[in-house]
Each structure stands twice: as C-alpha cells, then as structure tokens.
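Thanks for coming, everyone. I would like to spend a few minutes on one model, beginning with how a ligand is held and then moving outward to the chain around it.

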Amino acid sequence: MIDFKELAKEYGTPLYVYDFDYMAAQYEALKEAFRGRKSIIAYAVKANSNLSVIKHFAELGSGADCVSIGEVRRAFLAGIPSYKIIFSGVGKSDDEIREAIERDILYINVESEAELGRVELISKELNCAARISIRVNPNIDPKTHPYIATGLHDNKFGVDLDAAKRMYIKANNSENLDPVGIHFHIGSQLTQLQPIREAAEIVADLVRSLQAIDIELKFFDIGGGLGIKYDDETTIEPYEYAQAILGTLTALDMTILCEPGRFLTANAGYFITKFLYEKQNGEKKFVVVDGAMNDFLRPSLYKAYHEIEALSDAEGEPRAVDIVGPVCESGDFFAKDYLLPPLEHGDILVIKSAGAYGFGMGSNYNTRGRSAEVAVENGKARLIRRRESFEDLIALETEYLED
Ligand code: LLP
C-alpha cells in the first residue's frame, strides 16, 4: 500500500506517483505471453517519458517505440540499446531521419511514400542503407474513442495495402533502403480482440504476398493499444492477445515487436491533488483542488473517466460534485457529478490510472509549473522529477526582455 498522504506531505501537491513494481509485473506478463517466440517489447515512450521510467523498462530488457527524435534521445539516455529502438510518426523532419539513421536504430517506421523518398535520399547522402518498416493502415475500426483510433483510412496514419506493396518493391530495389519489418497500430485503449485479429490477418497476408516476390521481412510489429481497466471495461488478457496474433502467422517465422504504452504504465500511476475549497452555484456543487487540466488533461480532452478516491476523515454522506481545478477554463475538470464524501481543507484526492498520458500531456498553461514525479519501488519512494519552479518557466524568455 502506498501512503499517498505521506508522499503529499513530503513532496507537495499536485504530484504524480508511479508504482515501479506494478510496471515491472505488467512488462513480465506481456513478455511471458509471447514466450517461445522471438519477441521484443518496445515500450511506447510517449505514454510516460520520464527518464527513470524508461530506464526501469530498459533494465527489464525492454526496447523503445519513439515518435520524435527527442524520444529517441531519451531512450538512448535511459540505456535502451540502439538495436531495440524504433521510430514511428507521420511527420519526421529530415534532421530527425538523419539522426535516427546515424544512431543506427533498429528501424524507422515509414508512414508515406513521400517519407520513403526522403529516407532514401538521406541514407544515400550518408552512404548507407536505412533499415525500414512500413506502417500499414488496414482500414479496421478498432472500436475505441475516435481521437485514439488510428487504423482507418479516415485517420492520417500509415498507408493502404497497395501503397505498402509499391513501397516494399521500391525499397527492395534500392541500395539505400533495407526493408526489415512491417507495422500496424489500429488504435489505443483497445478492449476487443476481433479488430486486432483482423488487422493482423490482413498484414500477415501482405507479408506472404511479399514473400512470393522474394521480399523477406524479419519483424512483425503489432503496435500497441492493449486497453486497461479505468472503470468496468472488460480487457484483453495478454495470453489471448498473443495467441490471436500468433494464430495469423502460420508458416511465418518472424520476430514479434509489440509497442505497449498504456498497458505498462497507466494503472501504475496516481495523480495526487489537494482539496482547497467547496462552493455551490445554484444547485451545482464544486470541489476545487490544486491540480488542473494543465497537469492532467485526459478528463478535459476525452471526457475520460478516472476513479477518484478522497482520503478524508470527515464524516457524512457522499454527495455528487464536480471536481475542478484553478485553470481559467470551464473544461478544467477531473470529474462531473462524482460522489465524494465531505472534505476538509488539505485533504488528499487520489486520481487513479494516471500513469499513461498523464504528465506527458501536461503544459504550463496559466503559468503553472508542472508537478513533481515520484517513483515507489520495493516500498521506497524517490523523486524522479522535481517540481517546476517559476524560474524554470520563464528561463527561456528573460534574456529577451527589453529595457
Ligand atoms: N505505437 C504507436 C504507433 C502509437 O501511436 C501508440 C499510441 C502506441 C504504440 C502506444 O499505444 P498504447 O499501448 O499506449 O495504447 N493520449 C491518448 C492516447 C494516444 C495514443 C497515441 N499512440 C490517451 O490519453 O488516451
């Protein structure tokens, strides 16, 4: 049991707390599901890019799935070996492509024909052959929130099957491109297996049709997306997930590459905030806390549900309140009509499942410094990012102040 009150006292609020043992257990569960098969779990760094979190996964043997050269640099700094780092994303700049090739990462996930052209040109300049994989958009509805669906032709991600085939042929004929993998990622917070199975089938068929023309790929990259329980969702068991994927790979001897983010970190994380005031506008009751949408955006952006626990000694019946922060936006809320017990000034609220897409989606809106982050491992807590100060926030501007 993590003593959130004690951590709030020691490190202040708002605060992110991560259970590193939980993260390790999730990693091991997924790795175990693919046992007996060559596999790389490449942690999706965007879910939580704190260096200590990445290092924790590096020590477990994880690779890294990155979406910017900044994330690639973080992965290197945290000790992930180059041969387990991949780089995806629809809008890589020339500089990013060049650096990824120079750093000799496992492969670049190419997301358009135009990008393939840039990668070829740059690796020609560098006099080498860039390892690539192509992100296929299988046009499958993943049955998740529209903002985090990525595998439909309506979404900007990947290329359709015909384009993919053309690109593999081009890459195979190029001295400066080395096609080693194939990739798909149909969306995030997936709770149904069928769309994943269908996507894998489509992509595996493409692999077979490429084999028929002597294009052999080594890596079958199934993306991330495994959903977790925020509320009462039924989730996919890692074993069933692995079996569904492997079932589509008959006669194909490929290394599985998997890019989980949320599955590894979401339920390991807690966002800790302090109760400040209660107020009532007409019939509506508000609980105002010291954390806000700039710290934790998911409820505002996706109307995402997060369980909230009040650590309060006050007695009385729970009542429905909106839990809101100090930012000057009506969209600044953590929950609406949420049942909370009576609270006393300074009581701690624990917002759960906040370890993925929490801190990383934060901002300095309203000149609010970002929260501190704390890791708990083997019963011991340690700071892994200090709270941002006002000086941190203005540091990049002060030298431009004119007299
Ligand atoms: N691989 C690729 C290519 C991705 O685009 C993503 C997530 C992942 C892996 C990891 O997906 P995960 O296993 O975490 O589902 N901010 C949103 C989620 C955006 C996901 C973006 N891509 C949220 O808070 O729900």
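Before I go through the contacts, let me fix a term: by a polar contact to the ligand I mean a pair of N or O atoms within 3.5 Å. Please also keep in mind that what you see is a predicted model.

With that cut-off, the side chain of Asp65 qualifies, since one of its N or O atoms is 3.2 Å from a nitrogen atom of the ligand. On the oxygen side of the ligand, an N or O atom in the side chain of Ser188 is 2.4 Å from a ligand oxygen, and a polar side-chain atom of Tyr357 lies 2.6 Å from an oxygen atom of the ligand. Taken on its own, the ligand has 590 Å² of accessible area, and the protein covers 91% of that.

Turning to the shell as a whole, there are 19 residues around the ligand, and those that come nearest are Ser188, Glu259, Arg298, Tyr302 and Tyr357. By class, the shell divides into 6 nonpolar, 7 polar and 6 charged residues. The space that the ligand takes up is the largest pocket.

Where, then, does the ligand lie relative to the domains? The chain is divided into domain 1, residues 4-15 + 267-398, and domain 2, residues 34-260. Both domains give residues to the shell, and therefore the ligand lies between them. The C-alpha centres of domain 1 and domain 2 are 34 Å apart, while 16 residues of domain 1 are in contact with 14 residues of domain 2.

Notes
Residues are numbered from 1 along each chain as its sequence is written. This is a predicted model: local features need pLDDT of at least 70, side-chain atom pairs count only at pLDDT 80 or more; totals for chains, interfaces and linings use all residues. Side-chain values use heavy atoms; hydrogens and water are left out. A residue is near a molecule or strand if one of its heavy atoms lies within 4 Å of it. A polar contact is a pair of N or O atoms within 3.5 Å; within protein, one must be able to donate a hydrogen and the other to accept it, and residues adjacent in sequence count only if both atoms are side-chain atoms. Accessible areas come from the Shrake-Rupley method with a 1.4 Å probe; for residues, only the protein chains shown count as cover. On a 1 Å grid over the protein atoms alone, a cavity is a set of points where a 1.4 Å probe fits but cannot get out, and a pocket is an open set with protein on both sides within 12 Å along at least five of seven lines; lining residues have an atom within 4 Å of a point. A molecule sits in a cavity or pocket if more than half of its atoms lie within 2 Å of its grid points. Ala, Val, Leu, Ile, Met, Phe, Trp, Tyr, Cys and Pro count as nonpolar, Asp, Glu, Lys and Arg as charged, and the others, Gly among them, as polar. Domain bounds come from an automatic or database domain assignment. Contact means heavy atoms within 4.5 Å.
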